[in-house]
Amino acid sequence: MLIRRAPRFTASEITDPTLYLSRRELISGAAAALVLAPGLGEAATPAPPALQALSATRHAAFSLTEPLTKVEAATTYNNFYEFGVNKDDPSRLGHTLKPRPWTVQVDGFVSKPKTFDVDELMRLFPLEERVYSLRCVEAWSMVIPWIGFPLAPLLKRVEPTGQAKYVEFTTLLDPNQFPAQKPGFFGFSSLDWPYVEGLRLDEAMHPLTLLTVGMYGKVLPNQNGAPVRVVIPWKYGFKSAKSIVRIRLVSEQPKTAWEKAAPQEYGFYSNVNPAVSHPRWSQADERRIGEFRRRPTLPFNGYADQVAALYTGMDLKKNY
Ligand SMILES: Nc1nc2c(c(=O)[nH]1)N[C@H]1C(S)=C(S)[C@@H](COP(=O)(O)O)O[C@H]1N2
Ligand SMILES: [Mo]
C-alpha cells in the first residue's frame with residue numbers, strides 16, 4: 001500500500017490563473033504609476049534584460065492556427081520550481097540564471113557522445129517556429145510560438161546504441177543560479193534536485209518533440225527555461241524540462257523528479273488524458289490562459305492523430 005502523503009503542491013491550484021493575471025495587471029499598473037511619480041519608484045524591480053531576436057520560419061503543418069497566448073502571460077505565469085512554487089517566482093527571480101556560456105552533454109548509450117555548446121546546437125540544426133499548446137497538469141494551457149528544432153536529428157548524430165531505450169533530461173543543478181536549490185530555501189524543500197525528466201526513445205524521436213531555444217521571435221526568457229528546454233506537446237507540461245544540461249540515452253526507464261515526489265500523482269508517461277483524473281482533481285477540461293470559459297481537454301492534447309500509435313496495446317489508465 002502506498003502511504004498517501006499530505007499534498008505539498010497546492011499554491012497553484014488555489015489561485016485561479018485568470019484572476020491571478022488580472023490581479024497582476026492591476027499591480028503592474030500601480031507600479032507604473034509609481035514610476036511616473038517623480039522621485040518615487042526608481043529603485044523598483046530592474047527592467048528585464050532585452051532578449052535577442054531569433055527568427056525562424058513557421059512550420060505550418062506542425063502549428064496550431066489558434067490565437068496565441070499573450071507573451072506577457074506566457075512569461076509571468078510559470079512553473080519553474082527551481083525559482084519557487086509561486087507562478088510569479090520565475091519571472092521575479094529568474095535573473096540569477098546565466099544562460100551563456102552553456103553546454104549540453106549528450107551521452108549514455110551512444111557511439112559518439114558529445115558536449116555541445118548551445119550556440120553550436122543553434123548553428124547545427126535549422127530552427128523552426130512551431131505553435132504548440134502546452135497543457136499543464138494543473139488544468140490550464142497556453143498556445144505558444146516556440147522556436148527550436150526536433151530532437152531526433154541531434155539524437156541520431158550521437159548514434160544511439162542498441163541498449164538505448166529511454167532518454168533522460170537533466171536540468172542545471174546550481175544553487176547560486178536557482179535559489180530554491182539552496183538547502184532550506186524559505187524552509188521549503190520541494191523536489192529532489194536536479195529536475196529530471198524522461199521519455200521513451202521513440203517518444204523522444206517523434207517529430208513533434210522539440211528542443212526549444214526561443215519563443216515569440218526571441219531567445220527563451222530565463223523563466224521559460226533558457227537557454228534550452230524540451231517541449232513535448234502531447235504530454236502534461238511538467239515533462240517539458242527546462243534549462244537542460246544533459247541528455248542521456250539510458251536502458252532503464254528514468255526515475256523522474258515528480259515520480260520521486262509523488263508517484264501516485266505523476267506517472268512516467270503523463271500523456272494528456274481527459275479520461276484519467278489526477279487523484280486530487282479532474283483532467284477533463286482546462287482553461288486556456290486569457291479565456292474565461294473552460295474547454296474540454298483533448299486526448300494527447302489534440303495530437304492523437306500523430307502520437308496515439310506510439311501507445312498501441314498499452315493500457316493508458318495504468319500507464320498514466
Ligand atoms: N526544470 C524544470 N522544468 C520544468 C518545470 C520545473 O519546475 N523545473 N516545470 C514544468 C511545468 S509543471 C510546466 S507546466 C512547464 C511550464 O513551461 P512554461 O513556463 O514555459 O509555460 O515547464 C515544465 N518544466
Ligand atoms: Mo505543469
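This passage describes the overall fold and two residues, Asn224 and Leu210, in a predicted model.

The chain contains nine helices and 13 strands. Of its 320 residues, 51% count as buried. Contacts that span long stretches of sequence are frequent by count: among those between residues at least 6 apart, 73% join residues at least 24 apart. The exposed area of the chain is about 15,000 Å². Carbon and sulfur atoms supply 59% of that area.

Asn224 sits in a loop. This loop runs between strand S9 (218-219) and strand S10 (229-231). Asn224 has a relative accessibility of 3% and therefore counts as buried, the cut-off being under 20%. A polar atom of the Asn224 side chain lies 3.0 Å from the backbone oxygen of Ala74. Beyond neighbours within four places in sequence, Asn224 is in contact with Ala74, Thr75 and Asn78. Met215, Arg229 and Lys242 complete the set of contacts of Asn224.

Leu210 belongs to strand S8, which covers residues 210-215. Its relative accessible area is 0%, so Leu210 is buried. Gly148 is 62 residues away from Leu210 in sequence, yet the two C-alpha atoms are 6.1 Å apart in space. Gly148 is also one of the contacts of Leu210 outside the four-place window in sequence. The others are Arg130, Tyr132, Trp146, Phe149, Pro150, Arg229, Val230 and Val231.

Arg229 links the two descriptions. Arg229 is in contact with Asn224, and Arg229 is also in contact with Leu210.

Notes:
Residues are numbered from 1 along each chain as its sequence is written. Chains are lettered from A and ligands numbered from 1 in the order in which they are written. This is a predicted model: local features need pLDDT of at least 70, side-chain atom pairs count only at pLDDT 80 or more; totals for chains, interfaces and linings use all residues. Side-chain values use heavy atoms; hydrogens and water are left out. Helices (H or I, at least four residues) and strands (E, at least two) are DSSP runs, numbered from the N terminus. Buried means under 20% relative accessible area, exposed over 50%, partly exposed in between (1.4 Å probe, protein chains only). Contact means heavy atoms within 4.5 Å. Accessible areas come from the Shrake-Rupley method with a 1.4 Å probe; for residues, only the protein chains shown count as cover. A polar contact is a pair of N or O atoms within 3.5 Å; within protein, one must be able to donate a hydrogen and the other to accept it, and residues adjacent in sequence count only if both atoms are side-chain atoms.
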